[in-house]
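Colleague: I would like a close look at one part of this model, explained slowly enough for a first-year student to follow.

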Amino acid sequence: MAKLPRQHKPPRVPARKQHRGAPQRPSAHRRGYGRRWWRLRAVVLAQRPFCELCGAPAKDVHHRVPLREGGENTLENLQALCHSCHSRITARGG
Ligand SMILES: [Zn+2]
């Protein structure tokens, strides 16, 4: 009796996978990045149009002390950065 090849079905991949690395991260709004943040961010970029680290045109606003660590949305706690400097800093965990 010849053995039939076993039919192997790959496991079904769930249609909606959760974002990798951010399992239970609340929404941007809940983390304190609501409408007020966007206004404040525009103020910072208008006052400091260049990256404070490399001098390139600033595109991002960085919290020196992150909101989740008790930092505040104040001009003193914010830093205008270009996107690459911001990515470098946030990749380091700041
Ligand atoms: Zn920069």
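Which residue stands opposite Leu 78 in E2, and what surrounds that part?

Modeller: The residue opposite Leu 78 in E2 is His 63. Before going on, please keep in mind that this is a predicted model, in which local features need pLDDT of at least 70, side-chain atom pairs count only at pLDDT 80 or more, and totals for chains, interfaces and linings use all residues. Residues are numbered from 1 along each chain as its sequence is written.

The protein has 2 helices and 2 strands, where helices (H or I, at least four residues) and strands (E, at least two) are DSSP runs, numbered from the N terminus. Along the sequence they follow the pattern α-β-β-α. E1 and E2 run antiparallel and are joined by 4 bridges; for two strands to pair, DSSP must find at least two bridges between them.

To describe the surroundings, we need to say what buried means: a residue is buried if 20 or more other C-beta atoms lie within 10 Å of its own, exposed if 12 or fewer, and partly exposed in between, with C-beta atoms placed from the backbone. In E2, Leu 78 and Ala 80 point one way while Gln 79 and Leu 81 point the other way, and all are buried. Of the 94 residues of the protein, 12% count as buried.

The largest nonpolar core (a set of buried Ala, Val, Leu, Ile, Met, Phe, Trp, Tyr and Cys residues joined through C-beta atoms within 7 Å) has 7 residues, namely Cys 51, Ala 58, Val 61, Leu 78, Ala 80, Leu 81 and Cys 85. Strand E2, residues 78-81, gives the largest share of this core, 3 residues. In soluble globular proteins, nonpolar side chains tend to be buried together.

Val 61, leaving aside its neighbours within four places in sequence, is in contact with Arg 41, Val 44, Leu 45, Leu 78 and Ala 80, where contact means that the C-beta atoms of two residues, placed from the backbone, lie within 7 Å.

Just before E2, in the loop between E1 and E2, we find Asn 77, which is partly exposed, with 15 other C-beta atoms within 10 Å. Beyond its neighbours within four places in sequence, Asn 77 is in contact with His 63, Arg 64, Val 65, Gly 71 and Glu 72.

On the other side of E1 in the sequence, the loop between H1 and E1 holds Arg 48 and Pro 49. Arg 48 is partly exposed, with 16 other C-beta atoms within 10 Å, whereas Pro 49 is exposed, with 11. Not counting residues up to four places away in sequence, Arg 48 touches Ala 58 and Ala 80. Pro 49 and Ala 80 are 31 residues apart along the chain, yet their C-alpha atoms are separated by 7.2 Å.

Helix H1 itself, residues 35-47, has 13 residues and should span 18 Å at 1.5 Å a residue, and its end C-alpha atoms, 19 Å apart, agree with this; the expected span is 1.5 Å times one less than the number of residues. The number of buried residues in H1 is 0, so this helix lies largely in the open.

Finally, the average pLDDT, the predictor's confidence in each residue from 0 to 100, is 86 for the protein, and 81% of the residues score at least 70. Where pLDDT is low, the predicted coordinates should not be read in detail.
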